[in-house]
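Hi,

Here's the structure I said I'd pass on. Have a look at it first, and then read my notes below.

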Amino acid sequence: MEVGLLGWLGVAGALGWAAIGSSIGMVMNGSAVIGAWKKCFVQKKPAPFILVVFAGVQLSNVIYGFILMGALGDATGLSEGALFALGTGAGLAIGAASYAQCYCAAAAADAYAETGQGFGNFMMVIGIAETLALFAMVFTLLLV
């Protein structure tokens, strides 16, 4: 079956929306990490390099979008409407998970810079938000 524009928009949407959400998250996380380092410098405390982890936690969501884009592009027997709905819906869900991660990571960067403690706890909360993106990818792959 020939896939038309609507179907290809869905296929591209799987990666596109995931990347947009990740980009928005990067702006927010990165800004929070830089602000946390600034607080450390102002207080004459060492700026913990490990905060870089918080700046990029949502980047894996782009990979999930890429995997979905490939799976949807190879899918046979799905209508254009199905491709559009699956790609767009999953891409938006992954992008929203990136957005959730950015809020968690921004708070974690500030808290860790202030206290120097809790890294594992913070990563667990961020991991819960990561699970949203994984669920969106896996459940969509099951439908394909």
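What follows is a quick run through the overall layout, the helix packing, the cores and one residue in helix 3.

First, a caveat: this is a predicted model, so please read everything below in that light.

**Overall layout**

The protein has 5 helices and 0 strands, so to speak an α-α-α-α-α run from the N terminus on. The C-alpha trace spans about 65 × 25 × 15 Å along its principal axes. Of the 144 residues, 37% are buried. If you take contacts between residues at least 6 apart in sequence, 84% of them join residues at least 24 apart.

**Helix 4 and its partners**

I'd start with helix 4, which has 36 residues. From its first C-alpha to its last it reaches 52 Å, close to the 52 Å expected at 1.5 Å a residue. Glycine 116 follows helix 4, and its phi is positive, near 70°.

How do helix 4 and helix 5 cross? Their axes come within 9 Å and cross at roughly 175°. The cut-off for roughly antiparallel is over 145 degrees, and helix 4 and helix 5 are therefore roughly antiparallel to each other. On the helix 4 side the contact includes Leu86, Ala90, Ala93, Ile94 and Ala97, while the helix 5 residues include Phe119, Phe122, Val125, Met137 and Thr140. By class, this contact has 21 nonpolar, 2 polar and 1 charged residues.

Helix 3 packs on helix 4 at an angle of about 175°, with the axes 10 Å apart. That makes this pair roughly antiparallel as well. From helix 3, the residues Asn61, Tyr64, Gly65, Leu68 and Leu72 meet a set in helix 4 that includes Leu83, Gly87, Ala90, Ile94 and Gln101. The contact of helix 3 with helix 4 divides into 8 nonpolar, 5 polar and no charged residues.

Helix 1 runs the other way relative to this: its angle to helix 4 is about 5°, with the axes 7 Å apart, which makes helix 1 roughly parallel to helix 4. The contact of helix 1 with helix 4 has 24 nonpolar, 13 polar and 4 charged residues.

**The cores**

Which residues have the most contacts inside the largest nonpolar core? They are Leu68, Leu72, Leu83 and Ile94, in a core of 16 residues. Helix 1 (5–42), helix 3 (60–74), helix 4 (80–115) and helix 5 (119–143) each give two or more residues to this core, and helix 4 gives the most, with 5. There is also a second, separate core of 13 residues, which includes Cys40, Leu51, Ala109 and Ala113.

Leucine 68 is a good place to zoom in. Leaving aside neighbours within four places in sequence, leucine 68 is in contact with Ala14, Ala90, Ile94, Met137, Thr140 and Leu141.

**Methionine 69**

Now step one residue along, to methionine 69 in helix 3. Is methionine 69 buried or partly exposed? The cut-off for buried is under 20% relative accessible area, so at 23% methionine 69 counts as partly exposed. Not counting residues up to four places away in sequence, methionine 69 touches Val11, Ala14 and Leu15. Glycine 16 is 53 residues from methionine 69 in sequence, yet the two are 9.1 Å apart in space, C-alpha to C-alpha.

Cheers

Key: Residues are numbered from 1 along each chain as its sequence is written. This is a predicted model: local features need pLDDT of at least 70, side-chain atom pairs count only at pLDDT 80 or more; totals for chains, interfaces and linings use all residues. Side-chain values use heavy atoms; hydrogens and water are left out. A nonpolar core is a set of buried Ala, Val, Leu, Ile, Met, Phe, Trp, Tyr and Cys residues joined through side-chain atoms within 4.5 Å. Buried means under 20% relative accessible area, exposed over 50%, partly exposed in between (1.4 Å probe, protein chains only). Helices (H or I, at least four residues) and strands (E, at least two) are DSSP runs, numbered from the N terminus. Contact means heavy atoms within 4.5 Å. Axes are lines fitted to C-alpha atoms, for helices over the stretch in contact, and angles run from 0 to 180 degrees between N-to-C directions. Angles under 35 degrees count as roughly parallel, over 145 as roughly antiparallel, 65 to 115 as roughly perpendicular and the rest as oblique. Ala, Val, Leu, Ile, Met, Phe, Trp, Tyr, Cys and Pro count as nonpolar, Asp, Glu, Lys and Arg as charged, and the others, Gly among them, as polar. The expected span of a helix is 1.5 Å times one less than its number of residues.
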